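Let us walk through a protein model together, one helix at a time. Keep the structure open beside you as you read.

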Amino acid sequence: MTAFVLLLVFFVLLILSVPISFSIGIATLVTMLMSMDLTPAVTTMAQRMAGGLNSFALLAIPFFVLSGMIMGRGGIAKRLIECAMALIGALPGGLALVNVVSCMLFGAISGSAVAATSAIGSFMLPEMKKKGYDPNFSAAVTAAAATTGMLIPPSNILIIYAIASGGVSIAALFMAGYLPGILVGLALMIVCVIYAKRKGYPTGDRLPMAIVVKKTLAAVPSLFLIFIVIGGIIGGVFTATEAGAIAVLYSMLLSMGVYREVKMSEFPALLLKSAETTAIVLLLIGASTAMSWLLSFENIPQTFSQFLLELSDNPIIILLIINLVLIVVGAFLDMTPAVLIFTPIFLPVAMELGMSPLQFGIMMVLNLSIGLCSPPVGAVLFVTCAIAKTKLENIIKPLIPLYFAMFVVLMLVTYVPWVSEAFPRWLGL
């Protein structure tokens with residue numbers, strides 16, 4: 001009954017277009033009132049929200065948000081695109097491949113799918129349209145490729161999962177995301193090549209080696225951020241939070257000192273925008289933590305875990321059910337509350353089946369990444385449609401083969417532990 005009331009109130013509020021964070025908070029409070037008086041319910045709600053935000057690791061989020069915004073404004077996206085264009089632009093479907101690689105690189109540097117969509121899409125979508133590519137296909141490629149930044153570190157959602165799972169190593173999670181993220185990018189590129197050959201899209205001109213080297217070297221300072229952040233975390237030089245602060249300093253140095261595309265007068269506006277984004281994320285985390293506590297208080301995770309384990313004795317079937325549920329959840333719910341709410345529910349089941357918390361975390365994030373570019377709520381879709389000046393329903397058909405490619409990688413991550421655990425094991429994490 002508790003779960004029914006919680007879901008009913010939550011989905012009614014969503015249908016009424018109430019923001020997700022408020023929908024989660026109100027649904028949680030209404031459900032609490034079924035078993036306690038108003039004052040204890042409100043007090044408990046406030047305590048759980050505050051407790052959910054009382055984590056040193058969460059300090060990394062505002063830093064990475066700010067660094068991502070500085071990079072998006074500082075000419076870094078343009079140099080990454082030019083580098084990708086020089087390296088692979090002459091291949092079949094060259095511009096689509098450049099789109100995928102650029103989204104992977106910028107998503108990895110900024111840690112934001114929406115930032116990658118906006119920064120890369122603003123340049124690539126008009127360019128692809130000019131070269132004769134179907135605008136709806138171009139938009140679909142951008143939306144799907146932008147989600148790779150959720151897996152390739154530094155990734156805010158992996159930090160949130162580390163907290164929700166009870167302390168999985170952030171460094172191990174970061175390394176675990178590399179191979180699956182790269183595999184998703186390669187799968188999307190295969191679809192792009194096949195699609196481009198079928199449609200007869202033009203290939204770019206093969207550039208002289210001198211120009212290729214020049215464009216690559218111009219992008220090296222941007223890419224070096226990944227080595228600084230990840231290398232420092234893995235080497236134990238600094239924590240993920242300290243890495244976020246270093247990312248801000250490095251992106252400022254790059255954008256203001258080296259590329260000189262961001263003026264100091266623009267910095268207050270970037271700070272304000274990053275504060276707004278961080279506030280939204282932290283409100284989601286606080287409300288989701290309260291809901292997660294309520295679910296645990298009512299023993300819903302244990303009940304659901306027992307139900308799943310009794311449903312079938314075949315681990316393949318149970319993991320497939322979990323994947324399908326998470327894909328549906330990702331299509332309706334933002335990644336942050338989805339991770340905080342469903343990690344306590346599904347992680348015990350996955351561990352019971354022999355899956356490590358590391359592997360499950362990458363599987364969950366990949367599931368929710370697919371939801372991030374799926375209707376009806378996928379934030380990346382709406383940003384892409386706005387940039388491409390097309391309607392949501394127009395890009396669903398070209399998205400289908402891209403969904404299939406991502407699902408294939410998801411199955412690899414789910415049933416082949418090596419895919420997500422190879423790099424962390426190799427580095428002793």
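Before we look at a pair of helices, we need to know what their angle refers to: axes are lines fitted to C-alpha atoms, for helices over the stretch in contact, and angles run from 0 to 180 degrees between N-to-C directions. Keep in mind as well that this is a predicted model.

With that in hand, find helix α4, residues 60-73, and look at how it packs with α13. The angle here is about 140°, and the axes are 9 Å apart. What do we call such an arrangement of α4 and α13? Angles over 145 degrees count as roughly antiparallel and those from 65 to 115 as roughly perpendicular, and α4 and α13 are therefore oblique to each other. Their crossing is right-handed.

Stay with α13 for a moment, which covers residues 267-297 and holds E276. The C-alpha of E276 is separated from that of P62 by 9.8 Å, although their positions lie 214 residues apart along the chain. Is E276 buried or exposed, or something in between? With a relative accessible area of 41%, E276 is partly exposed.

Now compare other pairs of helices. Helix α2 (residues 20-32) and helix α3 (residues 38-53) have axes that come within 9 Å and cross at roughly 140°. So α2 and α3 are oblique to each other, and their crossing is right-handed. Further along the chain are helix α14, residues 300-311, and helix α15, residues 315-332. The axes of α14 and α15 come within 9 Å, crossing at roughly 135°. That makes α14 oblique to α15, and α14 passes α15 in a right-handed crossing.

Next, take one helix by itself: α10, which runs through residues 170-199 and has 30 residues. From its first C-alpha to its last, α10 reaches 43 Å, close to the 44 Å expected at 1.5 Å a residue. Where does α10 bend? The place is Y178, where the bend is about 25°, and a proline, P180, follows within four residues.

Both ends of α10 deserve a look. At the N-terminal end, S169 acts as a cap, with a side-chain oxygen 3.4 Å from the backbone nitrogen of A171. After the other end comes G200, whose phi is positive, near 70°.

How much of α10 is covered? Most of it, since 21 of its 30 residues are buried. One residue to pick out in α10 is M175. M175 is buried because its relative accessible area is 9%, and buried means under 20%. M175 and S122 are 53 residues apart in sequence, and their C-alpha atoms are 30 Å apart in space.

Another buried residue is V98, with a relative accessible area of 0%. V98 sits in helix α6, residues 94-110. In sequence, V98 and A84 are 14 residues apart, while in space they are 5.4 Å apart, C-alpha to C-alpha.

Let us finish in a loop. K389 lies between α18 (379-388) and α19 (396-415). What is the phi of K389? The value is near 55°, which is positive in a residue other than glycine. K389 counts as exposed because its relative accessibility is 78%, and exposed means over 50%.

Conventions
Residues are numbered from 1 along each chain as its sequence is written. This is a predicted model: local features need pLDDT of at least 70, side-chain atom pairs count only at pLDDT 80 or more; totals for chains, interfaces and linings use all residues. Side-chain values use heavy atoms; hydrogens and water are left out. Helices (H or I, at least four residues) and strands (E, at least two) are DSSP runs, numbered from the N terminus. The expected span of a helix is 1.5 Å times one less than its number of residues. The bend at a residue is the angle between axes fitted to the seven residues ending there and the seven starting there. Buried means under 20% relative accessible area, exposed over 50%, partly exposed in between (1.4 Å probe, protein chains only). A polar contact is a pair of N or O atoms within 3.5 Å; within protein, one must be able to donate a hydrogen and the other to accept it, and residues adjacent in sequence count only if both atoms are side-chain atoms. Angles under 35 degrees count as roughly parallel, over 145 as roughly antiparallel, 65 to 115 as roughly perpendicular and the rest as oblique. A crossing is left-handed if the near helix is turned anticlockwise from the far one by less than a right angle, and right-handed if clockwise.
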